[in-house]
Amino acid sequence: MAAMDVIVDSLVSLRRIPVLRQGFPWIFLLFSLVGSVLKDLELVPQTYFSSSKNVLNVYFVKVSWGWTLLLLTPFILLSNSAFSRNISFLGRRLLSLLVATAVWYVCTETFFYIEDVTGACYENRTLLVDEFTTKVTCRRAGLLWRGYDISGHSFILTYSTLLIIEETSPMVLLRTATQSSLSKTVLSLLYVALNGITVLWVWMFVCTSLYFHDLSHKLLGTLCGLLGWYLTYRVWYLKPFSPGLPPQRQPKEQKQHA
């Protein structure tokens, strides 16, 4: 597992760079703005990723919340148990995923509602069809629904990425902590996988910015993702009655050896 240790150490070192750590949320706004300008000016050629049917979009982005939870849940349990095995502590830390899921659900359902109430059904770009009054019935009929479509991709890719970055931050402390060989191996594999899917989310965010939606749709989606992250990890989780932030100090046994 020497190669895995090198990869994990490199990723941890990368995460310690202050500019990258502090400026990461702003990257999404920058990508959204620049990508939208390039799209409007038609400066980006069509590629495999300009189709919504590309394999990464179909099998990863469309179920991105599932992928995020699938990898992040065991990582939170395993990494936080190195700091404390108290059931209450671990429960509070897992509660952060429940809160995040609530944010995801409320935002996406709101986006669907806004698109429904602001839209209409068209046979083509100009011919209005009054028979269908909801997006679901319109699309089932093979027609086109046109409403204010806030970018769910911009939201979920922003929010998922920032959530992963926050919850994997204890890895910086755990590299020197005392752990069993199995725990260390599983944790390393999960950490590499989470970093890999973070890269994928950022890449697909760039593709969304370059090829899909209008500027205001993408900016609103991105801002909702940033707001969901900020209100939890920068405001609420600093309060006593909250899931709390990921551990910020070394595990107890590590401090005793220091």
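**Exercise 1. The cysteines**

C121 and C138 are both buried. The model is predicted. Find how many disulfides the whole structure holds, and work out which parts of the chain C121 and C138 tie together.

*Solution.*
- Step 1. Count. The search of the whole structure gives one disulfide.
- Step 2. Check the distance. The sulfur atoms of C121 and C138 are 2.1 Å apart. The cut-off is 2.5 Å, and C121 and C138 form a disulfide.
- Step 3. Place the two ends. C121 sits in strand β1 (residues 120-122), and C138 sits in helix α6 (residues 135-140). The pair therefore ties together parts that are 17 residues apart in sequence.
- Step 4. Find the hand. The torsion about the S-S bond of C121 and C138 is about 80 degrees, so this disulfide is right-handed.
- Step 5. Test C107. Its closest cysteine sulfur is in C224, at 5.2 Å, which is too far for a bond. C107 counts as buried because its relative accessibility is 16%.

**Exercise 2. Helix α5**

Compare the expected span of helix α5 with the distance between its end C-alpha atoms. Then state which residues of α5 are buried and what covers them.

*Solution.*
- Step 1. Take the length. Helix α5 covers residues 87-117, which is 31 residues.
- Step 2. Get the expected span. At 1.5 Å a residue, helix α5 should span 45 Å.
- Step 3. Compare. The end C-alpha atoms of α5 are 45 Å apart, which agrees.
- Step 4. Name the buried residues. Among them are L90, R93, L97, V103, F111 and E115.
- Step 5. Name the cover. It includes α4, α6, β2 (144-146), α7 (152-167) and α10 (215-235).

**Exercise 3. Salt bridges**

Find how many salt bridges the whole structure has. For each, decide whether its residues are buried or partly exposed.

*Solution.*
- Step 1. Count. The search finds three salt bridges.
- Step 2. Take R93 and E167. Their closest N and O atoms are 2.7 Å apart. R93 is in helix α5 and E167 in helix α7, 74 residues apart, so the pair links distant parts of the chain. R93 is buried, at 1% relative accessible area. E167 is buried as well, at 0%.
- Step 3. Take K135 and E115. Their side chains meet at 2.7 Å, N to O. K135 is in helix α6 and E115 in helix α5, 20 residues apart. K135 is buried at 17%, and E115 is buried at 3%.
- Step 4. Take E166 and R234. Their side chains meet at 2.9 Å, N to O. E166 lies in helix α7 and R234 in helix α10, so the pair ties together parts 68 residues apart in sequence. E166 is buried at 12%. R234 is partly exposed at 38%.

**Exercise 4. A nonpolar patch**

State which residues form the nonpolar patch on the surface, and which helix gives the largest share.

*Solution.*
- Step 1. List the members. They are L30, F31, L33, V34 and L215.
- Step 2. Give the area. Together they have about 390 Å² of accessible area.
- Step 3. Find the main source. Helix α2 (residues 18-40) gives the largest share, four residues.
- Step 4. Check one member. L33 lies in helix α2. L33 counts as partly exposed because its relative accessibility is 41%.

**Exercise 5. The setting of T68**

Decide whether T68 is buried or exposed, and find what T68 is in contact with beyond its neighbours within four places in sequence.

*Solution.*
- Step 1. Place T68. It is in helix α4 (residues 64-81).
- Step 2. Read the accessibility. It is 0%, so T68 counts as buried.
- Step 3. List the contacts. Beyond those sequence neighbours, T68 is in contact with S160, L163, I164 and W201.

Methods: Residues numbered from 1 in each chain as written. Predicted model: local features only at pLDDT ≥ 70, side-chain atom pairs only at ≥ 80, totals over all residues. Heavy atoms only, no water. Helix = DSSP H or I, 4+ residues; strand = E, 2+ residues; numbered from the N terminus. Buried < 20%, exposed > 50% of the residue type's maximum accessible area, 1.4 Å probe, protein only. Contact = heavy atoms within 4.5 Å. Patch = residues over 30% accessible without salt bridge, like charges linked within 9 Å, V, L, I, M, F, W, Y side chains within 5 Å. Areas by Shrake-Rupley, 256 points an atom, 1.4 Å probe, with all protein chains shown as cover. Salt bridge = Lys/Arg side-chain N within 4 Å of Asp/Glu carboxyl O. Expected span 1.5 Å × (residues − 1).
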